[in-house]
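Here are my notes on the model, set out point by point. They cover one helix and a set of charged pairs.

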Amino acid sequence: MSQDYEVVIGMEVHAELAAESKVFCRCRTEFGAPPNSQTCPVCLGMPGALPVLNKKALEHTMRAALALNCTIAEYSKFDRKNYFYPDLPKAYQISQYDLPIGRDGYLDIDVDGKAKRVRIRRVHLEEETGKSVHAGDDIISATQSLMDFNRCGIGLMEIVSEADIRSADEARAYLSKLRSVLLAVGASDCKMEEGSMRCEANVSVMPVGAKEYGTLVELKNIASFRAVHRAIQYESARQIQLIEAGGRVTRETRHWDDAKGQTAFMRSKEEAHDYRYFPEPDLVPLLIDRSWVEEMRRNMPELPDAKAARYAREWGLPQCDAAQIADSAALAGFFEATVALHPDGREAAKWLLGDVSAALNATGIELSASKLTPEHLAEMLKMIASGMISGKIAKSVFEETFNSGAAPAKVVEERGLSQISNTSELEAVIARVLEANPGPVADYAAGKERAITFLVGQVMKETRGRANPGEVNRILKEKLSH
Ligand SMILES: [Zn+2]
């Protein structure tokens, strides 16, 4: 990218609330249920049906807003956002306009070891829309469109950041941190693949040092963290190219096509909906009690930043390793269960971020679904610490445990992998190696100390890595000095 431009990004994230029932009725919210099996007059927008706010949905939104360091409104209300679309049977969405539940917060992110604060403008509560299902290969060739209203009325939280993000890397870090915070407070399951977390990016470019932001383009339909990164990179390059060629960026909404790897024009801002908002007359305004907010604040679970700081303090982990573990609920849970059994945080972290993560990536398995348990890892770390197996053997033991779920101690026993520290056993192997390698022995005698490395290697080879290297070194030196 050209050095002369700066990218300016603001993010809008929608996260479905983790609640068993919808936000204004008692319909269930289970994902993948038969179409229209989870609906009622309220969420279908039948005349006369009255919404009632689900307290759980409000709590989740407040908890998320608190975790994002927002101020919680004392007085809030719901508004109708009016627009006609087939997936919205009422022709309005219950949302919040001028008085969101949370505002003026922030989220700290870390990109390549550099800390950065992204301000959060607002966190508000609204309802989901339904879903159109086009019968055919795509929307153009479809002969009919069907509506599934199961999603209609599920509680949705919208989190809007200020335009503080300056690169695709920062955008990805922001999303990933936001996800870990929402998961930590249990406000949403944040499954992007099921659409329960979705994001839009507002992207503009400006000459470095400029005071005024460039014309912003809205990017929609971004379905993964990877896609966010690609979409922003593509779009900012497109805008810069356009400006350099003497053109002008127009205010528009673009769609991200992940298969083609490009953004495409969707609608210009002039054609965009001019929503007519007005206060929702069927719901009373929200007066949020301060003592309730304070109680919630006191009962907040430990958030990823605090967790990372604790790991660094308690176990001496490097800050970035601590953050990497703390940001993932799965890794953090595994880490804590492991160190509870074997108190060596540094080793546990090293394995989790090294071999364990590599194996998960290679197999595409989630940690929670893998056969590896904290008991396994702790058992292996104990065997390494006691010198029963070498670090190298541990790697192959780990591989088998990861694949089959067999206990490491059992793998070691069945495959005869325990380290040979027994002096007489080692002496016999060493004697054979010395006899077979007169050259290096003579070299060592002539003062070439490095020749011993070769001999140690031969002993390790003979014992298939099971010899204790420290012992081998000691015995070899003793024999060679005679
Ligand atoms: Zn309903």
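1. A salt bridge here is a side-chain nitrogen of Lys or Arg within 4 Å of a carboxyl oxygen of Asp or Glu. Keep in mind that this is a predicted model. The count by this rule is 34 salt bridges.

2. Start with Lys 116 and Glu 170. Their side chains form a salt bridge, at 3.0 Å from N to O. This pair links distant parts of the chain. Lys 116 sits in strand β7 (residues 114–127), Glu 170 in helix α2, and their positions lie 54 residues apart in sequence. Lys 116 has a relative accessible area of 22%, so this residue is partly exposed. Glu 170 is at 13% and therefore counts as buried. The cut-off for buried is under 20%.

3. Next, Arg 166 and Glu 6. Their side chains meet in a salt bridge at 3.4 Å, N to O. Arg 166 is in the loop between β10 (155–161) and α2 (168–184), while Glu 6 belongs to strand β1 (residues 5–16), so the pair ties together parts that are 160 residues apart in sequence. Both ends are partly exposed: Arg 166 has 24% relative accessibility, and Glu 6 has 25%.

4. Then Asp 79 and Lys 77. Here the salt bridge is 2.5 Å, N to O. Is Asp 79 buried or exposed? Asp 79 is buried, with a relative accessible area of 2%. Lys 77 is at 14%, so Lys 77 also counts as buried.

5. Salt bridges also join up into a network. Its members are Glu 235, Arg 238, Glu 252 and Arg 254.

6. Now helix α1, residues 55–67. Does its length fit or conflict with its residue count? At 1.5 Å a residue, its 13 residues should span 18 Å. The end C-alpha atoms are 18 Å apart, so the two agree.

7. How many of the residues of α1 are buried? The number is 11 of 13, so α1 is largely enclosed by the rest of the structure. Charged residues are part of that list: Glu 59 and Arg 63 are among the buried residues of α1. Others include Leu 58, Met 62 and Leu 66.

8. Look at both ends of α1. At its start, a side-chain oxygen of Asn 54 comes to within 2.8 Å of the backbone nitrogen of Lys 56. After the helix comes Asn 69, with a positive phi near 60°.

How values were computed. Residues numbered from 1 in each chain as written. Predicted model: local features only at pLDDT ≥ 70, side-chain atom pairs only at ≥ 80, totals over all residues. Heavy atoms only, no water. Helix = DSSP H or I, 4+ residues; strand = E, 2+ residues; numbered from the N terminus. Expected span 1.5 Å × (residues − 1). Buried < 20%, exposed > 50% of the residue type's maximum accessible area, 1.4 Å probe, protein only. Polar contact = N/O pair within 3.5 Å; in protein donor to acceptor, adjacent residues only side chain to side chain.
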